[in-house]
Amino acid sequence: MRYAIPVVVLVAMLVLLGIGLKLDPREVPSPLIGKPAPAFELPLLGADPEAPKLSVASLTGRPVLVNFFASWCAGCRVEHPLLMELSKQGVEIVGIDYKDAPEDARAWLARHGNPYRQVALDRVGQAGLDWGVYGVPETYVLGADGRVLFKQIGPVTPQAWERDIRPLLAGAAR
């Protein structure tokens, strides 16, 4: 019995290690999946301070992509051409400029193009924190009812678009 306890503990640790090695560290599950998007109210880029703000209520009624991005983000530059193409195809994308200066965001969008229907400013990162953003870029698929259907960590790639995002948008549009 004296030798059995260490052997059982060692076997349990090896099993847990084996399970951990099979997990993909790039896949971080979001606790928001299937739940309503977190409430927020953010000013729009270039809008008068008294103008209506972007909120969850303004994102309901149709499926939409919510893309957290920033002018200082290298991964955002990687995904941007695909977002531009998706926007041209009619995919509704709303941008949330994360921890960035408005003038930097305006310059970045002027230089690279603007795929967003609207761009909101999350200057201090509170909305990003509420949404569970680890770092930009991150993209969320919202259903017409405002529920989070999917979270893409890192740049949206053609593979992620075809495999994960496009089918969800198509299903949510029905």
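Let me start with the disulfide of this predicted model, where the torsion about the S-S bond of Cys 73 and Cys 76 is about 90 degrees, so the disulfide is right-handed. The two sulfur atoms are 2.4 Å apart, which falls within the 2.5 Å used as the cut-off for such a pair, and by that rule the count for the model comes to one disulfide. As for the surroundings of the two cysteines, Cys 73 is buried, with a relative accessible area of 5%, and Cys 76 also counts as buried, at 2% relative accessibility.

From there I would like to move to the sheet. What is the order of the strands in the open sheet? Five strands make up this sheet, in the order S5-S4-S3-S6-S7, and the pairing among them is mixed. The edges are formed by strand S5, residues 118-122, and strand S7, residues 148-153, each of which pairs on one side only. Neighbouring strands of the sheet are turned by 20 degrees against each other on average, if direction is ignored.

The strand I want to dwell on is S3, because six of its six residues are buried, and so S3 is largely enclosed by the rest of the structure. In a regular strand the side chains alternate between the two faces of the sheet. In S3 both faces are covered, with Val 64, Val 66 and Phe 68 buried on one side, and Leu 65, Asn 67 and Phe 69 buried on the other.

Next, the partners of this strand. Strands of a sheet pair through backbone hydrogen bonds, either parallel or antiparallel. S3 runs parallel to strand S4, residues 93-98, and five bridges join the two; among the bridge partners, Phe 68 is matched with Ile 96 of S4, and Phe 69 with Asp 97 of S4. With strand S6, residues 138-142, S3 pairs in the antiparallel sense, over five bridges, and here the partner of Asn 67 is Thr 139.

That brings me to the nonpolar core. Which residues touch the most other members of the largest core? Of its 45 residues, these are Phe 40, Val 66, Phe 68, Trp 131 and Trp 161. Strand S3, residues 64-69, supplies the largest share of this core, namely five residues. If we take Val 66 and leave aside residues up to four places away in sequence, its contacts are Leu 59, Val 94, Ile 96, Trp 131, Glu 138, Thr 139, Tyr 140 and Leu 142.

Finally, let me turn to helix H3, residues 102-112, whose buried residues are Pro 102, Ala 105, Trp 108 and Leu 109. Seen down the helix axis, the buried residues of H3 fall within an arc of 125 degrees, so they line one face of the helix. What covers these buried residues includes S3, helix H2 (74-88), S4 and S5. On the face of H3 turned away from the buried side we find the exposed residues Ala 110 and Arg 111. After the helix comes Gly 113, whose phi is positive, near 100 degrees.

To close, I would come back to S3, which pairs antiparallel with S6, runs parallel to S4, and is among the elements that cover the buried residues of H3.

Methods: Residues numbered from 1 in each chain as written. Predicted model: local features only at pLDDT ≥ 70, side-chain atom pairs only at ≥ 80, totals over all residues. Heavy atoms only, no water. Buried < 20%, exposed > 50% of the residue type's maximum accessible area, 1.4 Å probe, protein only. Core = buried A, V, L, I, M, F, W, Y, C linked by side-chain atoms within 4.5 Å. Helix = DSSP H or I, 4+ residues; strand = E, 2+ residues; numbered from the N terminus. Contact = heavy atoms within 4.5 Å. Pairing = 2+ DSSP bridges. Axes fitted to C-alpha atoms, helices over the stretch in contact; angles between N-to-C directions. Arc of directions from axis to C-beta.
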